[in-house]
Structures are given as structure tokens and as C-alpha cells.
Amino acid sequence: MKKPALVPLRAAAYSAQSPARFALSLTAAAALAALSTTAVGQEAAKAEQQLETVTISGVRASLTKSLSIKRTSDQVVESVVAEDIGKLPDNNVVEALQRVTGIQVTNRAGGEVGTLSIRGLPDVATTWNGRNIFTASGTQVALQDIPSTLVRQIDVYKTRDASQLENGIAGQIDVKSLRPFDFKGSKLSLLARETYLDPAKKSNPQLSAMASNRWKTDAGEIGALVNLSMVKTDYRNESVTPGAMVPFVSPNAAEVPAGYTPLQRIFDNNIWTPGTYTGLPQKAGSTLNFNGVARPYYLARDAVFQSDVEGQRERPAANVALQWQPNADSVYTFEAMYNGYRDKVFNKLLFSFVDWWGSLGSNPASTITTFPGTNVIKTRTVNDVYGFNSGDYTTSATDSYVYALNGKWNLGDRLRLEGDVSYQTSAFHSEFTATRIDRVAPSITVDFNSGGGNMAFGFNNNADLANPAKWNVAQFYDNANRNEGNAATANLSGAYDADWGPLKTLHFGVRFDSRKASEANRTQSGFLGRNLADATLGSNYYHVNSNFGTDISDVPRSWIEPNAYYIRDNIDAWRKLYNSVDKNFLTTDKLSLQKTFEVKEDTTNLFLMADSEHELFGRPLRANFGVRYVQVNTSMTAYSVNATSKVVTPTNGEKTARKFLPSLTLRYEPVKDVLVRFNYGETLRRPGFGDLNPVLQLGDDVSKVGYGGGSGGNPGLEPTRSKNLDLTGEWYFQKDSALYGTLFQRKIEGLVVPLRRRVHVDPANDPFRNSTSGGDHTNGYDYVISSPVNASNGKISGLELGAIYFPKGLPWYLDGLGFQGSVTRLSSSQNVPTANNAGEIVSQLEAPFFGVSKLSWNATLAYDKGPIGARLSYVRRSSFLAGNEAALFANPIGIWRRPEKSVDLQLTYNINDRMSLDFSGVNLTNEMQQQYYHFGDAGSPELTSFGTVQIGRAFSAGFRWKI
């Protein structure tokens, strides 16, 4: 069984408040107070003024503005525009994008969406007001960290010209924040919202405030804006998961091979090969070869586990903008943004093996049933089962800052220049502790699919799950990491109105970016071996949860686990307790982080682009064509640590990559209000910094298959390159209505895929078997290492259809009703290499891309009339390949998601021009997230189900006030 992940997907950084953040907070607070006073004082004089660029007319105006952006852009772009000051349809950027044509979302947990892709690809360039932004040592920013109240507009670029950033083969998401010159005068906006999450059954506050003003002075016009936000979320995630499939001999004595007992698990890899694409055959009567004799085998899960995650998340954010326009030909903007993230997660894990074959009695066949026509065990009873519960606690923090200065100048009648310099820094820190308690239970009975792909199970006495005397304190895992990144960027671009016949405008620019990143971590583990009810521990060290999984299936609702909160609060004493048993386990005063790698990446960009105008059949044809030059110089140092001597060995490396990336856009209007576009462009996906790190990260052989697992980066990785074609048609038959469609293709070369090789690690470098680990260190051990390589090419193509329609001439009771919807059809394939034990590619297999649903669609019924605005939305995506299982088991290797859907509702009532109320509901039908094993014709949601996650519902109510 693959070891359950001990660290959540989202880790974050740096709990100490930095001086820079403290200074920014003081500045923001002072400016907010001053601007608020000014705004109140000028209320009467400014009452009649409206926003210049921020629409305040609700749902219909927001959609109309998004159509206007789409229509006037040379590129294929979709936009989400705030309905009011900082009022997007949802609570954060990712949620707001899920109804955009071509956008797919998944991994909803903790009351929010976790993953976003454009046309099935997750590699998205994230920018803030056009500037590339990231989180710590990553290449993207976590868009969930940007609250909707800081945003006036989000643009999703599916194609890009030579002037735009080249990274991100999926596209670019540009988040535009508010600036003081967006308003004619003073503005003040306050928001208070409460969100109720189920199954956490807790309410969570969101507060935001925005103040802006502009003044005319002798030095020109000056503006200032401050925008603050704080979101707090208490959440609960529940999941129930059967383990991976492994083979067992027959329960019938006459069919049992020599040396085996009925229903004994088959560990011998000379008899079967783990990790094949389709897994072992699942047809009834399938056989394996035992010393030349064919014997039937059965497939069953090796374990069952369920996770009850309780978390508390906070997201402070701030945006400050200062603008100065000394004259009509120049404007200067300084802006700074802070995004914070705080997360405390208590994961209460119940885990039990169900692969033991002893003590089955005189009739082992009576302990199992199978799915009809298969050798796959559906239900079974297992005796003397080993299991453990774990109290896992992760604290995470991120602090990200961006500071930028921008200038725009008109130099004469034809030349326009724009300069931009920025500096950003981001730090991410997390600490993880997990204490396990274990026992051997008399028996467990499992139904691996009790209905709807949900597993049910129970022990002989579920009450023992909450009895501390039945449990012993076992392993303690103690890990931490810190990731940091910063970047200094300078950009100068210009446009010259040449007016040389058909060639109208020349665009040019140069950009230099210097990026640095580093990662450091520490890890240790120990074993205590003491009964949980031991008087020296006390009752504070354990905790019993309750009311688990009531919407999933018949599983234990309550169990005991180490109290991770109390252990973390008393971590010094807990580490000393483990040190008293194992002197190699370090106490708090001896701990330190070890840097694993540091990297410096310098990027130089040059671009030249031109706009031209022509006629075709008497109708206007516009062209945009150009080329972008990219040079990336990367230098890196990786640090490996000898597991025995602790000696650190650095490894240095350097590389340079150069690319020319052409682009072409044709924009034709064959008849009035109809547009046809053709786009060709090339984009890149740069290797993640972690993928370049060659230091091996090893995982122990917890499933006892004869070898461990591990991963290691590849410093020789090259950028992935995509050649992109788009053909669109758009019909704007009303100001607020349109039909549009796109045919597109991405041909991608040099895709990074994991390649496995088997290596032998000597005892000195084996963290589980060296002389200080307490394991068998006389011989080394084999590990199957997965490393990224540029060994795949692929293609993704598809069709998008979208519509926005507000019909005219409806009866009065339907006036204001409209529709927004879209459909995306995708097809993807890539060659996936297979390697032998030496890591040599021996064959190729065609497979779909991860995360690509063949069909996704959404439909929104909108209403906007008078004081009422409303949206009722349905979003759905078909099943998709989410990833691959570790190559250790007998099930099909692909992990697929079942179709995902959500019904959401947003309501707004404007009390008057200054005050409004809003209500929203997310996942109203209480959908769940489910997985199953599948590859080719092997596996199905019913036969090879692989877990259910209870997403839960969310309900929000908010009050907004503005002047």
C-alpha cells in the first residue's frame, strides 16, 4: 500500500512578521484613515460622480463589459469584470473563473477550489497588472490567495502576441487591481461577509475596506488608494479510501500453490510484475505461474483508511496604489501588494491493513465475496489486523510582497513609451508533526463498494477505536521546510505610429528579470512504544473525533488519535520524550533546516511586433505579427547530505537556453458585428526549480514489496515548447449578447514526464538503514527512483462554444433575464515512455494528458433588474485522468476522477445606491469527489473505486456599503 501523504499539497511560509510587512501595514492603516475622512467630507460634492472604469451596474453590465473586452482585443481573451467596487461573482479569483469558457476546476476542499486549468492544461502564467508573480520557489502564484475584493478585472489570455510573457503553455491569467485614477473622485467601500461551511458547521468572517481619492495640485493630479482584506475560514474535509490492489492465492485449498496457505498475499515479484499499465487481469479464473504451474489468484485491497481533516485558514491581503499625472503626456504609478496565507491543519487518520491471511478458520472461502465474473474481492473479513491512527498537524504560512513603479509617456504625436520596474519577495514555511498509535484488532469486515463507489467497513467492536488502553504510542514524524524566492524585473516597451502604408504601428520592448529561489528542510522520526493510557502521558495527549462521514457510507464515525494540538503546544517535552528512548532523535534546541538547493535564473527578453491594416473583399482585415527572443541563464547548487556522517556535499551546474518565438494574429470582419480571428503563437513551459534538483528523496518500503520508492530531479531539463493555433468566430448581435466559438490546437514538444529506474543505495546514504537509523544496515537496499525527463511529445485540440444572451421584448415579469453558457470539447494524447531497470526507454505508450476532461460545460441563468441581481449556475466536467498510482501494485495504474459538478447561486439586493446585501450558495446539491483506477479497458468506477471526498456546501451572506 502506498503510504498516505503526510504533508498536504499546500505548504506555506514564514510565521514571523517581517519588517517590510510591518511598515506596509502601518502605511496602509494611516492612508486608509486619512482617505476615509476625506471621502466622508466630500460626500455631498461627489455624490453625482460615477466610476470611469469600474462598472457598478450589476450582473448585466459586468457581462457586457467582458464582451466589449473580448471584441476589441486582438487575442483570444475571456474576462471577468467586477460587478461593483471589488465585487466579483465569487469570494476569490479561482472561484470567479470557473464559469469562463475553457476553464476547468477541480480539487475542491476546505470550502474552495484548489486547481485550475485552461483548456485542460495547468501550466498558467499568473500576472498582476501585467507583471509575473509567484509564490516562494514556485513559478506561479496561488490564485486562491487573492481575495475578490482586491480585484477589478481578470483577463484570461488563451493566445498571446510577441509583447506578452512567453511562459505558461496553457495561457495567462492577469489579475488587475484597483487604482485611484479608476475613479473620478473619492470612493470608500466596506464589506462584511459571513460564510457557513458544511461539514465543518462553522461560520467564517470576511472583512474588506477600500478607500480612494484624487486631488488636483500645482504639480499635477495625484491619487491614492488603499485596499485591505482579511478572510478567515474554519473547514473540515472528510474522505474514505480503499487501498491499492494486490494479488492473493485462492481461498480453496486444492488451488493453493506449494508453500502458501489459503488467501495468502503474493509478495514474490518473480511471480507477478507490479506497476503495469493495466494491472493484473481481473477476469474470474485468471492465473499466475508458480514454478511452471498455473494457479488462480484473487485481487483485493491491501488496506482501508479514512481522513478527518480539521483546518483553520487565514488570508490577509493589502493593495496600495499611488498615481501622479503631472501633465497630459505622462502618468506615474507606484503600487504594492501583500498576500498572506496562514493554515493550521489537524488530520485525524484511521488506517488499517486488510491483507492478512492468518486465522481464517476451516473455510477461508466463506470470508470473501467477489464482483460477478471477476476475481476481484468485493467483501471480506480479516482477523488479527494491524492498524494505526495518526494525529497529523501542519502549520503553514506564506508572505508575498510586490513593489512596482510604472511610468507612461507620450513623446510627440507618434511615440509612446512605458517603463516598469518591480521587486517581489515571497517566503513559505511549514512545520509538520505526526504521532502514530497502533494496535492489532480482532477482526474487520469490509465492503469495498457498498454502493455508488463508496466503501463501508467496521471492526468487531468499533467502541475499541476510542479506548486509549487498546492503543500504543508508536512513531513520531517531525518535519519542516522553508522555500523562498525573489525577483527584480525591469521592462521598457514602446509603440510608434509609423503609418507606413498598410503598416500602422510598430511595437518594441526589452525586459530583464533576475529570479532567485531556495529550498531547505529537515526531517526525523522516532519510536516510543508506550501505551496511550499510560499515566505518565495523561489524557491531554489524545483526542476523540465524532460525527465523521455521515453523508458518505457506513464507516466508523469516531476514533481516538493523538491530540496534535496539545502535542504541538508542548513540542519541546514531546521531543525530549522520544529522545529519552532514542538519543538520535533531536530535541528542539538541536534542530535546524538544511538547504537542499538554491538557484538563480536570469531572463532577457526582446520583442518586435507590428500592426497592419488591409482590406479583403471590401471589409477590414487587421494583422498583428512579431517575434519574441528569450534567453535564460540558470545556475544552481544542490546539496546532498550523507545519512550517516551528515556531511553536506554541494553540486553546481549551469545552463543557457535561447529561443525565438513568433506570433501572428489576423482579425477579419466579413460583415458588421461578426469577427473571425486566426492566431499562431509559440509559448514555453520552463522546468520547475524543484524538478532541476538532482538530490534523491527516498521513501521506505512500507508495503514490504522488496524495494523502496523515491524521486530526484534532473538538472538537464529543457523548456517545453508549444506551437499554438486558434481559429475563432464571434457574432455580437446585441450590445450585451454574443455567440462565439473557437477551434484550437496545441502541439507540445519536450513534455516533462517521470521516468523510473531501479537503483541500489549503499547503507551510508540510506536514511532508513544506516548505522544511526536502527534498521538493518549490513547491506544496501533497492529503490525505484522517479525522475523528470523531456521524453514525451503531445497534442491537445478542441472546440469551445459560448454564448451570452439577454433577450429583448420579454414580458415585464421576465424582463432582465439572461443566459451565459459555454461548452468545451477536448482531445489529448501524448507518448509515455516505459523504461527498464536501468532507466533506458524500451517502449512508448499513448495516453491522455493529466487533468483533461473530454467534455466540460456550464450554464448560468442571470437576472438583473432594478435592485435585484442573481445568478444560478451549473458547472460540470466529465471524468478525467488525475494522475498515476505508484508502480508497486496490481491495479490499473491510472487514477481517474468521476464526473464533477456543482450548482451555485448568487443573489444581490441593492438597498439603495450605497448599500447592498448579497447571498450565495456553493455546491447546493452536496456533490462528492470520487476516484477510481482505470487504464484502457481495465478498471471501472464500480470495480476499482479509489476513494470518496466529502466536499460539503458553503453559504455566504454579506453587506456592502460605499460612498
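A cavity, as I use the word here, is a set of grid points where a 1.4 Å probe fits but cannot get out, and its lining residues have an atom within 4 Å of a point.

**Entry 1: the largest cavity**

I worked throughout on a predicted model. I began with the enclosed space, since rolling a probe the size of a water molecule over the atoms shows where empty space is left. The search returned 17 cavities of 30 Å³ or more, and I noted that about 550 Å³ of space lies in the largest cavity. Which residues lie nearest the centre of that cavity? Among the 42 residues of its lining, I found Asp-90, Asn-91, Asn-92, Arg-193 and Ser-956 nearest the centre.

I then looked up which elements give two or more residues to this lining, and wrote down strand E8 (187-197), strand E9 (202-217), strand E10 (220-242), strand E14 (303-327), strand E36 (868-877), strand E39 (900-910), strand E40 (915-922) and strand E43 (954-962). The largest share comes from E40, with four residues.

**Entry 2: Lys-901**

From the list above I picked strand E39, where Lys-901 has its place. Is Lys-901 buried or exposed? Neither word fits, because its relative accessible area is 33% and Lys-901 is therefore partly exposed. I also recorded that the C-alpha atoms of Lys-901 and Asn-858 are separated by 9.3 Å, although the two residues are 43 apart along the chain.

**Entry 3: aromatic pairs**

I counted 31 aromatic pairs. One of them joins Phe-346 and Tyr-565, with 5.0 Å from centre to centre and 75° between the planes, and I logged this pair as edge-to-face. Phe-346 belongs to strand E15 (residues 330-353) and Tyr-565 to helix H5 (residues 564-569), and I noted that the pair links distant parts of the chain, 219 residues apart. The two partners differ in accessibility: Phe-346 counts as buried because its relative accessibility is 0%, whereas Tyr-565 is partly exposed at 30%.

Next I turned to Tyr-541 and Trp-574, whose ring centres are 4.8 Å apart and whose planes meet at 25°, so this pair is stacked. I found Tyr-541 in the loop between strand E21 (503-531) and strand E22 (542-544), and Trp-574 in helix H6 (residues 571-581), so the pair ties together parts that are 33 residues apart in sequence. With the buried class set at under 20% relative accessible area, Tyr-541 counts as buried at 11%, and Trp-574 counts as buried at 2%. Both residues belong to one aromatic cluster, whose other members are Phe-476, Tyr-566, Tyr-578 and Phe-585.

**Entry 4: charges over rings**

Going back to Phe-346, I found the charged end of Lys-348 over its ring, 5.1 Å from the ring centre. I noted a second case at Phe-248, where the charged end of Arg-380 sits over the ring at 4.9 Å from its centre.

**Entry 5: a three-stranded sheet**

I traced an open sheet of three strands in the order E11-E13-E12, with antiparallel pairing. Which strands form its edges? They are strand E11 (245-249) and strand E12 (287-290), each of which pairs on one side only. I noted an average twist of 50° from one strand to the next. Four bridges hold the antiparallel pairing of E12 with strand E13 (residues 293-301), and I read off Arg-295 in E13 as the bridge partner of Leu-288.

**Entry 6: further antiparallel pairings**

I followed strand E30 (residues 720-734) into strand E31 (residues 737-761), a pairing in the antiparallel sense over 12 bridges. These two strands form a hairpin with two residues between them, and within it Leu-727 has Leu-743 in E31 as its bridge partner. On going further, I found 22 bridges joining E31 to strand E32 (residues 781-805), again antiparallel, with Thr-742 opposite Glu-800 in E32.

My last look-up was strand E25 (residues 619-641), which runs antiparallel to strand E26 (residues 648-668) and is joined to it by 21 bridges; here Met-636 stands opposite Gly-653 in E26. Six bridges then join E26 to strand E27 (residues 674-685), also antiparallel, and I noted Tyr-680 in E27 as the bridge partner of Leu-664. The hairpin of E26 and E27 has five residues between the strands, and in it Asp-673 takes a positive phi near 70°.

How values were computed: Residues are numbered from 1 along each chain as its sequence is written. This is a predicted model: local features need pLDDT of at least 70, side-chain atom pairs count only at pLDDT 80 or more; totals for chains, interfaces and linings use all residues. Side-chain values use heavy atoms; hydrogens and water are left out. Rings of Phe, Tyr and Trp (its six-membered ring) pair if their centres lie within 6.5 Å; planes under 30 degrees apart count as stacked, over 60 as edge-to-face and the rest as tilted. Buried means under 20% relative accessible area, exposed over 50%, partly exposed in between (1.4 Å probe, protein chains only). A charge sits over a ring if NZ of Lys or CZ of Arg is within 6 Å of the ring centre and within 35 degrees of the ring normal. Two strands pair if DSSP finds at least two bridges between them. Axes are lines fitted to C-alpha atoms, for helices over the stretch in contact, and angles run from 0 to 180 degrees between N-to-C directions. On a 1 Å grid over the protein atoms alone, a cavity is a set of points where a 1.4 Å probe fits but cannot get out, and a pocket is an open set with protein on both sides within 12 Å along at least five of seven lines; lining residues have an atom within 4 Å of a point. Grid points are joined across faces, edges and corners, and a volume is the space filled by probe spheres set on the points.
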